[in-house]
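Hello,

Please find the structure we discussed below. My notes on its aromatic contacts follow.

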Amino acid sequence: MVQAKSWILTKLFDGVPKDSDFKLEVEELPEPKDGEVLLESVYLSVDPYMRAFCSFRMKEGDRMIGTQVSKVIQSKNPAFPVGIHVLSNFGWRTHAVSDGTGLTPIMPDWPQDVSLSLALGAIGMPGLTALYGIEEVLGLQEGETLLVNAAAGAVGLVVGQIAKIKGCKVVGSTGSDAKVAYLKELGFDEAFNYKTVASLDEALRKASPDGYDCLFENVGGYFSTVALQHMKNFGRIAVCGSISVYNDSTPQTGPYPHLTMIFKQLKMEGFMQGRWQHKHPESLKRLMAWFKEGKLQCREHITKGFEKMPAAFIGMLQGENIGKAIIAV
């Protein structure tokens, strides 16, 4: 028998999540049956989408959702031998028994000198989100100017770097001076701390007086309202997230962007990376190649200890991390 620890949502979030919204439970798992495997978590992910999904896809008493890198420690399924690592969607838990459904083996040629934690970050879902947002939604072209907000987050860092690979001017908005400095280290052409600028409107104008061809939108709310005014005619907006409103108890209202979108003839499209799942194997190889070539840097914010998952989640929502927030078990 193996004891599995799980984090349970005891209360639906009201505003910013609190420690008291979670409870740690322990259960004993049975031995795997024929066709099953026993998984042990190695790295777990906390992501902004979890806050949004909890509002309409979860109920009190559910296990917290999420992706993890797991190791097969017992196997009665020849497709998943002992010792291999897989991606799984078993949420915030240390162990699970699976019949193999929904398990995705880590890419077979994953270099031994590259941490498997990157499969939850730049060479995983956030990296794929950045890549598809740039190529499939925005169609970003060489010489164009891209604005990305939450630019020091797991997705934003990759967005900016891919845009530079493609020969574009990149402006990043983020929430601390340390993050601004890091964005400039990565080669962002301009970066600013939205929390300390006297005027967001003026900061956007100063960073790119001619406006922006594309916006990679992770924040929403007030930032989006101001940014749309700085889009060039026929500009394109890829809507990936809206983290500024996730913790709102009362929905924000107006101003509404429709006249701006009409007069500037803007194109705005929401997306999730799963739409291009058929491209994942090749896309992951491209991301890994950029990483090995030194063109893509993969900053991580690692918290050690499964018991610290709620704190890591809350801290991520409050912008404590630079790059991908990861829990190492």
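Aromatic contacts

This is a predicted model. Tyr-49 is partly exposed, because its relative accessible area of 24% falls between the limits of 20% and 50%. Phe-53 has a relative accessibility of 19% and therefore counts as buried, the cut-off being under 20%. These two residues sit 4 positions apart in helix H1 (residues 48-57), about one turn of the helix.

The count of aromatic pairs in the model is 10. One of them is Tyr-49 with Phe-53, in an edge-to-face arrangement with 5.3 Å between the centres and 75 degrees between the planes.

Another edge-to-face pair is formed by Trp-92 and Phe-313, at 5.5 Å centre to centre and with 75 degrees between the planes. This pair links distant parts of the chain, as its members are 221 residues apart. Trp-92 belongs to the loop between strand S5 (85-88) and strand S6 (95-98), while Phe-313 belongs to helix H9 (residues 309-317). Trp-92 is buried, because its relative accessibility is 0%. Phe-313 is likewise buried, with a relative accessible area of 0%.

Which residues make up the aromatic cluster that includes Trp-92 and Phe-313? Phe-13 and Phe-22 join them in one cluster.

There is also a contact between a charge and a ring: the charged end of Arg-299 lies over the ring of Tyr-182, at 4.5 Å from the ring centre.

Regards

How values were computed: Residues numbered from 1 in each chain as written. Predicted model: local features only at pLDDT ≥ 70, side-chain atom pairs only at ≥ 80, totals over all residues. Heavy atoms only, no water. Phe/Tyr/Trp six-rings, centres within 6.5 Å; stacked < 30°, edge-to-face > 60°. Buried < 20%, exposed > 50% of the residue type's maximum accessible area, 1.4 Å probe, protein only. Lys NZ or Arg CZ within 6 Å of the ring centre and 35° of its normal.
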